[in-house]
Amino acid sequence: MASFFIEGGTRLAGEVDISGAKNSALPIIAASLLTDKKVVLQNIPDVVDVRTMIQLVRHLGASIEFKGRKLSIQASCLNSVEAPYDIVCRMRASYYVLGALVAREKKAVVAMPGGCAIGPRPIDLHIKGLSSLGTKVDISGGYINADARGLVGRKVDLQGPKGTSVGATINVMLAATGASGRTEISPAAVEPEVVDVANFLRALGVEVSGQGSHTITVKACDRFEERIRYRIIPDRIETGTFAVAAAITRGKISMHECMSEHMTSVFEKLDQVGIGVSQTGQSVTISGSRQKRATDIFVAPYPGFPTDMQAQFMALLSIVPGTSTIKESIFENRFMQAVELMRMGADITIEGDTAVIKGVKKLSGTHLMASDLRASSALILAGLAARGRTVVRRIYHLDRGYENFETKLRKLGARIRRVRE
Ligand code: EPZ
């Protein structure tokens, strides 16, 4: 198993190119199964979750070539409708093949994803959405068995206890391409990755409208475009993570190939904390040398502050003078990084869904255990700012979603190396 060894205390400076968005790439790769035509996807990040999705669509019968961020997929015919447990258990987003298989084959057998480190993560809205379109769904033996011979476009209500769902919106959009007539999804998630999937479907030739609003309409598609080329949007969470890297090390980082229009809530929060944010075109420069102030963060669906950025901000706020709070309203168990930060000297108290962070002068390096993807990046950021050496274990979580993270950090001056133990 590999760990990161980090020597803290260097101000990061320089330039970094942002990779393609993992959370767009995963559903778009699954959506490429909708057509028998060749699809060429650009800006695909080479991360473990993408490799897992490639393995899954290949298992279902697609031919794939992945070279230099360009992924070519052709699913001329599918030879299986089953997403097996040994792949699904490695990555929840495997469930995106459910919507694609239902649309194309009118049948799918997909292992039930379990909970994960950040909470129980139910899939009731995915099932409800597909059932509304006339799919018979039976869950037995740990598998979702979907029979979609009667797939019809309808109004689909995706209101859940926490609002709507990114994953369910996408799965229903994919299924709706194969349903007769017109499907209206409401409330639909408005995250940029949902919009990216909708734009990809349009590139395929599907009539989709309303993406980016709370009502998305999808019409059945029986003729797909011949040659499809599509470029995935930049990763807004990677952008935010490098922004916090500049802030926490009091450095200055320019990020290129990013979309600052997806970053409004994160950049506003950095500005409130006293971090300089200047934007020109597709580049943003973050400068962390000024005096910082405590703040309160309320996590919310897009365009609110993203749950995928709260761990990194917790690391930052742990060394910002004054008392800050973070209220996490989306996942039940997403403060796992807090106990590790406390082992570095952070003063954090968890009260239900709220973390109260009293800024300390300095964190000190120690041995840490990463628990999930974003917690991993938060611990690395804390290590970069800490006194002495930090060792972060279980970094396989990080490899699932950040492309060349330590190489990019090293280019900015970080003293970080991967050590296999
Ligand atoms: C996506 O997860 C992302 N994953 C997550 O990123 C991200 O944190 C999340 O959206 C929120 O933005 C991918 O895109 C692969 P949801 P998803 O369904 O689709 C509840 C990362 O680090 N819910 O919008 O699973 C759910 O429990 C990851 O990259 C139901 O109740 O998120 C949660 O409280 C982690 N029933 C809320 O809705 C359902 O059927 C939002 O979840 C589905 C979800």
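User: Taking a polar contact as a pair of N or O atoms within 3.5 Å (within protein, one must be able to donate a hydrogen and the other to accept it, and residues adjacent in sequence count only if both atoms are side-chain atoms), how far from an oxygen atom of the ligand does a polar side-chain atom of Arg121 lie?
Analyst: This is a predicted model, in which local features need pLDDT of at least 70 and side-chain atom pairs count only at pLDDT 80 or more, while totals for chains, interfaces and linings use all residues. Residues are numbered from 1 along each chain as its sequence is written, and side-chain values use heavy atoms, leaving out hydrogens and water. Lys22 places a polar side-chain atom 3.0 Å from a ligand oxygen, and a side-chain N or O atom of Asn23 is 3.1 Å from one. For Arg121, the corresponding distance is 2.9 Å.

User: How much of the accessible area that the ligand has on its own does the protein cover?
Analyst: Accessible areas come from the Shrake-Rupley method with a 1.4 Å probe, and for residues only the protein chains shown count as cover. On its own the ligand has 840 Å² of accessible area, and the share covered by the protein is 91%.

User: Which element gives the most residues to the shell around the ligand?
Analyst: Helices here are DSSP runs (H or I, at least four residues), as are strands (E, at least two), numbered from the N terminus. Two or more shell residues come from each of α1 (22-31), α5 (124-132), α6 (166-176) and α12 (373-385). With three residues, the element that contributes the most is α5.

User: Between which domains does the ligand lie, and why?
Analyst: Of the 22 residues around the ligand, those that come nearest are Asp124, Leu125, Ser165, Asp308 and Ile330. Because both domains, whose bounds come from an automatic or database assignment, give residues to this shell, the ligand lies between domain 1 (2-19 + 234-420) and domain 2 (22-231).

User: Which residues do ring pairs link into a cluster with Phe405?
Analyst: Rings of Phe, Tyr and Trp (its six-membered ring) pair if their centres lie within 6.5 Å, with planes under 30 degrees apart counting as stacked, over 60 as edge-to-face and the rest as tilted; five such pairs are found in the whole structure. Tyr402 and Phe405 form a tilted pair, at 4.8 Å centre to centre and 40 degrees between the planes. Buried means under 20% relative accessible area, exposed over 50% and partly exposed in between (1.4 Å probe, protein chains only), so Tyr402 at 4% is buried, as is Phe405 at 1%. The cluster joins Phe405 with Phe242 and Tyr402.

Note on methods. A residue is near a molecule or strand if one of its heavy atoms lies within 4 Å of it.
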